[in-house]
Amino acid sequence: METPHTLLIVEDEILPAMSLKSGMEDAGYQVMDLTSRPAEAMVAARELKPDLALVNIKLYGRNDGIALAVELKAIGVPVLFISGQPNRAAAARTVAVGSLAKPYSVDDMVVAVAYLLARLAGDASQPCPKDLQVFDEDLPEVA
């Protein structure tokens, strides 16, 4: 049996974070403990090396999700921005593989994560979800 993909969720809004964690686990993903603090996220990421980090740009009133994405990318963890700031996400496109703007449904996130993990693994056969912005030029091109 294949080991489930591991996700790290970094979100300062607890109810959306809990809903997202539950929905991703229901979809078969292993979700690390939720955190809203970049330092905690880095400790967890170094320890468990998630397959993908879902990171809000605005954490406790500051835009330190972008700085966190820089650190995660440096240790080889791809980042999907989950933010109500699509322009800020697009401006930081060099440190993330994509962005899914708020508000999103858990179903939208499940589809977006499956698509990105497939692309990161070299599978370009799935169509890109309509609300997902893909940034990383290193991802295999869709035929």
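Which residue follows α5, and what is the sign of its phi? Helix α5 is followed by Gly122, whose phi is positive, near 95°. Before we walk through the rest, a word on the model: it is predicted, so local features need pLDDT of at least 70 and side-chain atom pairs count only at pLDDT 80 or more, while totals for chains, interfaces and linings use all residues. Residues are numbered from 1 along each chain as its sequence is written, and side-chain values use heavy atoms, with hydrogens and water left out.

Let's start with helix α1, residues 14-26. Helices (H or I, at least four residues) and strands (E, at least two) are DSSP runs, numbered from the N terminus. The expected span of a helix is 1.5 Å times one less than its number of residues. For the 13 residues of α1 that gives 18 Å, and the end C-alpha atoms are indeed 18 Å apart. Ala17, Leu20, Gly23 and Met24 are buried in this helix, where buried means under 20% relative accessible area, exposed over 50%, and partly exposed in between (1.4 Å probe, protein chains only). Seen down the axis of α1, its buried residues fall within an arc of 135°, so they line one face of the helix; the arc is that of the directions from the helix axis to the C-beta atoms. An α-helix has 3.6 residues a turn, so residues three or four places apart point the same way. On the other side of α1, Ile14, Leu15 and Asp26 are exposed. Just after the helix, Gly28 takes a positive phi of about 100°.

What does the buried side of α1 pack against? Its buried residues are in contact (heavy atoms within 4.5 Å) with β1 (6-10), β2 (30-31), β3 (52-55), β4 (79-83) and α5 (106-120). Gly23 gives a close-up of this packing: at 14% relative accessibility it counts as buried. Leaving aside residues up to four places away in sequence, Gly23 touches Val106 and Val110. The C-alpha atoms of Gly23 and Ser105 are separated by 9.6 Å, though the two residues are 82 residues apart along the chain.

That brings us to α5 itself, which has 15 residues and reaches 21 Å from its first C-alpha to its last, close to the 21 Å expected. Its buried residues include Met109, Val110, Tyr115 and Arg119. The buried residues of α5 pack against β1, α1, β3, β4, β5 and β6 (132-134).

Now for the charged pairs. Side chains of opposite charge can pair when their charged atoms come close. A salt bridge here is a side-chain nitrogen of Lys or Arg within 4 Å of a carboxyl oxygen of Asp or Glu, and a search of the whole structure finds 4 of them. In one, Glu13 pairs with Lys102, the closest N and O atoms being 3.3 Å apart. This pair links distant parts of the chain, 89 residues apart: Glu13 sits in the loop between β1 and α1, and Lys102 in the loop between β5 (98-101) and α5. Glu13 is partly exposed at 40% relative accessible area, and Lys102 is partly exposed at 23%.

Back in α1, Glu25 and Lys21 meet in a salt bridge (2.7 Å, N to O). They lie 4 residues apart, about one turn of the helix. Another bridge joins Asp131 and Lys130 (3.3 Å, N to O). Salt bridges that share partners also join Glu11, Glu13 and Lys102 into one network.
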